Amino acid sequence: MTRQLTRRMHTVPESYFEAFAVHDASRRTSAVWRFDRAGRVKILGVGDAEVKKDIYTVIGDDGKPDAGIEAILCRVEREFCSGRNATLRREIPTKQQWSSIARFTAAQLLRTPRFFQLIRDGLTADSVTYEEDLLPRVMLILIDRWIPRLVKMGGSLAYNDTGIPLLTSDNPAVGWKQEGTTIRCGVDQFDGNLIVSCPLTPALAFVAQQTQQSLEAVNAERYDLDATQRPSWTFRSHVGIGALPSHEVTRLNLVCVLNAQRYVYANYQDGELLRFLDQHFFGAPAPVRRRDLQPIGSPAV
């Protein structure tokens, strides 16, 4: 990877974690609070937050690793940072900036080890034989499919001025829906009540809700893989901009911690946050796979 490209920690970019960094003039490097399911709490540099190597390794015909996937993901991250910074200045996002946020969210829905395991489970259940480096290639195809889906949904940039910071996790983008007084994560694109959310900073979240147009579009999609190359900016998008009330901040934080595989990240640590995590996260089982309902990860690991 060349020097100017963004490095990634785990499957979440370092540049993304920077937005959740602790503001401490005494520190020489940016740091973030990390909470794990076993109840351990640690402050560490964003560059050390979590490392997951070789998840995108694809071997080319010459027997050498193919850096093409890394280059694509780095471009997604660079464009996202530009769009996010504009929204933090409370500027109305351009169509390109809005697309860059949707593209980043689509990537974060699909580029985690947890999602890769879901693909493995599905292929295994269907008795499909595959090479491991098929997974990152499929990931890129599915990201391209999700970009127009998100843009066709009713999207909003939601600002948080409540004083309760938004949390993030090792799976920051979540497909979910409300079920009575509870939250169900892992909702797929065919659910009429689907919501996709991703905290972009402690003070800003991306939220997209299923619309009749987006639901009709996803049901009408062709499922051959070659039908996925339509660029997202060909779709008309309607971007809402609003403020989050405190109960919605709490709800989005609940979605975040319920969907976290192993870690939750924050730019602060106090008694109120610890009580919230103790109730919903510390010691709780990791999210389950959709096929076999076996936990991915464990608090004991």
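1. Let's start with contacts. In this predicted model, take the contacts between residues at least 6 apart in sequence: 73% of them join residues at least 24 apart.

2. On the overall make-up, the chain has 8 helices and 12 strands. Of its 301 residues, 50% count as buried. The accessible surface comes to about 14,800 Å², and carbon and sulfur atoms account for 50% of that area.

3. You may enjoy a look at helix H2, which covers residues 68-88 and so counts 21 residues by its DSSP run. From its first C-alpha to its last, H2 reaches 31 Å, close to the 30 Å expected at 1.5 Å a residue. The buried residues of H2 include Ile69, Leu73, Val76 and Phe80, and the list also holds Glu77 and Arg84. Just after H2 comes Arg90, with a positive phi of about 65°.

4. Next, the cavities. Searching the whole structure turns up 3 cavities of 30 Å³ or more, and the largest cavity holds about 60 Å³ of space. Among the residues lining the largest cavity are Leu166, Leu167, Pro172, Val174 and Ala205. Strand E9 (195-201) and helix H7 (246-259) are the elements that give two or more residues to this lining.

5. Which element gives the largest share of the lining of the largest cavity? That is H7, with 4 residues. As for chemical character, the lining of the largest cavity divides into 10 nonpolar residues, 2 polar and no charged. Ser197 and Asn253 belong to this lining, as do Cys198 and Cys256.

Note on methods: Residues numbered from 1 in each chain as written. Predicted model: local features only at pLDDT ≥ 70, side-chain atom pairs only at ≥ 80, totals over all residues. Heavy atoms only, no water. Expected span 1.5 Å × (residues − 1). Buried < 20%, exposed > 50% of the residue type's maximum accessible area, 1.4 Å probe, protein only. Contact = heavy atoms within 4.5 Å. Areas by Shrake-Rupley, 256 points an atom, 1.4 Å probe, with all protein chains shown as cover. 1 Å grid on protein atoms, 1.4 Å probe; cavity = no way out; pocket = protein on both sides within 12 Å on 5 of 7 lines; lining within 4 Å. Points joined across faces, edges and corners; volume = space filled by probe spheres on them. Nonpolar A, V, L, I, M, F, W, Y, C, P; charged D, E, K, R; others polar.
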